[in-house]
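This report is a guide for a reader meeting the structure for the first time. It turns from the core to the enclosed and open spaces, and then to selected loop residues.

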Amino acid sequence: MYYVLLDEVQMLDDFESVLNSLGRKKNVDVYVTGSNAKFLSKDIITEFRGRGDEVHMYPLTYSELMSVYDGDKQGGWRDYVLFGGIPLVLGFETADQKSDFLKSLFEETYIFDITGRNNIRNKAELEELLNILSSAIGSLTNPSKLSATFRSVKNKTISKETIIKYIDYLKDSFLIDSAIRYDIKGKKYINTPSKYYFTDLGLRNARLNFRQVEETHAMENIIFNELKVRGYNVDVGVVVMNEVDKNGKKIRKRLEVDFVCNKGSKRFYIQSAYALPDKEKMEQEQRSLVNTGDGFKKIIITKDAVAPLYNDEGILVMSVYDFLLNPDSMEI
């Protein structure tokens, strides 16, 4: 048996033909890595479907970071929220070195490859879209809203169709990911609007020159990424309720569950709540969870230092540290 390891194979022209020829040899096992251009895209999966396995390498999780971090979990959290989990970042000592590296990586690898491989002529448009998405992680939006934002804020006209293409390019490069809305009681998807998250917060912060680091949104993004690394399909939950207002008029309200997580027969409902200072805030955060109408497990994750516990509604409340550092935290 022979083992062939090819690194940065995208630097070779027509590498697909090389891989196909090696793949036909029964006594050859081929391992291929790539980090930019076509290998930053899921096109490669389609090219060799059925003839190989893909290993998707995510940035470091918080738990992986802490396994080599020289400091306490609070310090590690601050660094993770600010600089993310690109492994090479750990090799730099100062904050300036880390931020300079991330800015360079974003511009010279991601932007260069995305514009090059998709023949994007108006690079400025793509970068403006990135700025908008970076500023609104975890917010519900859609191409129509984004197009309107370009008109009202940027005084530019970009069609909805062009924005859809740009978002697809960003997702194909694994720079961003999305969560689609799911009607929990109606058991159906609501295609628009969606939420967008960055695969690495350090890259997102670099895009905004580290000016807009809100820990509440960052925590939600980190939880989303952790769920994806753990192999869950992640949607945004919607709970539709019928209520009567103070005038006796019937109204329909839509409550949101931050994450509906599915893997096989397992399902979890998760709410990201940065702080739970009082009973009123707890009731606000758990309202959508207690009205899902089913018996799947419900979890509230908070930044507050609390030991994992079940409250009176049967909802598991835990700190973000317990959630991230324990791979079995959802099974407690």
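**Nonpolar cores**

In this predicted model, the largest nonpolar core comprises 63 residues. Leu-175, Leu-227 and Ile-270 have the most contacts inside this core. Helix 5, spanning residues 95-117, provides the largest share of the core, namely 7 residues. In soluble globular proteins, nonpolar side chains tend to be buried together.

Leu-227 illustrates how parts of the chain meet. Residues up to four places away in sequence aside, Leu-227 touches Tyr-232, Val-234, Phe-259, Cys-261, Ile-270, Phe-323 and Met-330. Ile-270 is thus a contact of Leu-227, and both are among the residues with the most contacts inside the largest core. Another core, of 15 residues, lies apart from the largest one; its members include Ile-184, Tyr-269, Ile-300 and Ile-315.

**The largest cavity**

The structure contains 2 cavities of 30 Å³ or more, and the largest cavity holds about 140 Å³ of space. This cavity is lined by 16 residues, and Leu-60, Thr-61, Tyr-80, Thr-199 and Asn-225 are the closest to its centre.

Helix 10, residues 215-229, gives the most to the lining of the largest cavity, with 4 residues. By class, the lining consists of 9 nonpolar, 5 polar and 2 charged residues.

**The second largest pocket**

The second largest pocket encloses about 380 Å³ of space. Its lining has 16 residues, and those nearest the centre of the pocket are Phe-174, Ile-176, Asp-177, Ser-178 and Lys-228.

At least two lining residues of this pocket come from each of strand 4 (176-183), helix 10 and strand 6 (233-244). Helix 10 therefore contributes to the lining of this pocket and also to that of the largest cavity. The pocket lining divides into 6 nonpolar, 6 polar and 4 charged residues.

**The loop between strands 10 and 11**

Asn-311 is located in the loop that runs between strand 10 (309-310) and strand 11 (316-319). Because its relative accessible area is 18%, Asn-311 counts as buried, the cut-off being under 20%. The side chain of Asn-311 reaches the backbone nitrogen of Glu-313 at 2.9 Å. Apart from neighbours within four places in sequence, Asn-311 is in contact with Met-282, Gln-286 and Val-317.

Gly-314 belongs to the loop between strand 10 and strand 11 as well. Gly-314 has a relative accessibility of 44%, so it counts as partly exposed. Gly-314 and Ile-299 are separated by 15 residues in sequence, and their C-alpha atoms are 9.2 Å apart in space.

**Positive phi angles in loops**

Lys-187 has a positive phi of about 55 degrees, although it is not a glycine. Lys-187 occupies a position in the loop between strand 4 and strand 5 (188-198). With a relative accessibility of 64%, Lys-187 counts as exposed.

Phe-210, a residue other than glycine, also has a positive phi, with a value near 60 degrees. The loop that holds Phe-210 lies between helix 9 (201-207) and helix 10.

Terms used
Residues numbered from 1 in each chain as written. Predicted model: local features only at pLDDT ≥ 70, side-chain atom pairs only at ≥ 80, totals over all residues. Heavy atoms only, no water. 1 Å grid on protein atoms, 1.4 Å probe; cavity = no way out; pocket = protein on both sides within 12 Å on 5 of 7 lines; lining within 4 Å. Points joined across faces, edges and corners; volume = space filled by probe spheres on them. Nonpolar A, V, L, I, M, F, W, Y, C, P; charged D, E, K, R; others polar. Core = buried A, V, L, I, M, F, W, Y, C linked by side-chain atoms within 4.5 Å. Buried < 20%, exposed > 50% of the residue type's maximum accessible area, 1.4 Å probe, protein only. Contact = heavy atoms within 4.5 Å. Polar contact = N/O pair within 3.5 Å; in protein donor to acceptor, adjacent residues only side chain to side chain.
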